[in-house]
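User: Please take a close look at the pockets of this model. I would like their volumes, their linings and the elements that supply them.

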Amino acid sequence: MGEAHLGWTLEIVEKLGGQVGFQVLPKRWIVERTFGWLTRYRRLSKDYERLPETSEAFIYVAMIRLMLRRLAHT
């Protein structure tokens, strides 16, 4: 699976040369924020599901709920 199957490309962001300590990496905060939103849902806080398809379905449900709530507040 990968670009040929799903149309996704994976970009690995590495530390800058000579970097010491923590530095914010591009787009990493987007992923971390999204994981934070998803772990608010009890069913997604732990890995309860046997099939990855079930976990994927619950992620879709959580994101749909999140987007609907945001659209309703605007």
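Analyst: The pockets are described in turn, followed by some side-chain details. The model is a predicted one.

The largest pocket has a volume of about 640 Å³. Its lining consists of 15 residues, and those nearest the centre of the pocket are Glu11, Lys27, Arg28, Val31 and Phe35. Two helices, α2 and α4 (52-73), each supply at least two residues of this lining. The most comes from α2, which gives six residues. Sorted by class, the lining of the largest pocket holds eight nonpolar, two polar and five charged residues.

The second largest pocket encloses about 170 Å³ of space. Two or more residues of its lining come from each of α2, α3 (42-45) and α4. Here α4 gives the most, with three residues. Among the lining residues of the second largest pocket are Leu38, Arg43, Leu44, Asp47, Tyr48 and Phe58. Phe35 also belongs to this lining, and Phe35 is one of the residues nearest the centre of the largest pocket. By class, the lining of the second largest pocket divides into six nonpolar, two polar and four charged residues.

Some side-chain details follow. The charged end of Arg70 sits over the ring of Trp37, at 4.4 Å from the ring centre. Aromatic pairs number zero in a search of the whole structure. In the loop between α1 (3-6) and α2 (28-38) lies Gln19. Gln19 has a relative accessible area of 17% and is therefore buried, the cut-off being under 20%. The side chain of Gln19 reaches the backbone oxygen of Gly21 at 3.2 Å.

Notes. Residues are numbered from 1 along each chain as its sequence is written. This is a predicted model: local features need pLDDT of at least 70, side-chain atom pairs count only at pLDDT 80 or more; totals for chains, interfaces and linings use all residues. Side-chain values use heavy atoms; hydrogens and water are left out. Helices (H or I, at least four residues) and strands (E, at least two) are DSSP runs, numbered from the N terminus. Buried means under 20% relative accessible area, exposed over 50%, partly exposed in between (1.4 Å probe, protein chains only). A polar contact is a pair of N or O atoms within 3.5 Å; within protein, one must be able to donate a hydrogen and the other to accept it, and residues adjacent in sequence count only if both atoms are side-chain atoms. Rings of Phe, Tyr and Trp (its six-membered ring) pair if their centres lie within 6.5 Å; planes under 30 degrees apart count as stacked, over 60 as edge-to-face and the rest as tilted. A charge sits over a ring if NZ of Lys or CZ of Arg is within 6 Å of the ring centre and within 35 degrees of the ring normal. On a 1 Å grid over the protein atoms alone, a cavity is a set of points where a 1.4 Å probe fits but cannot get out, and a pocket is an open set with protein on both sides within 12 Å along at least five of seven lines; lining residues have an atom within 4 Å of a point. Grid points are joined across faces, edges and corners, and a volume is the space filled by probe spheres set on the points. Ala, Val, Leu, Ile, Met, Phe, Trp, Tyr, Cys and Pro count as nonpolar, Asp, Glu, Lys and Arg as charged, and the others, Gly among them, as polar.
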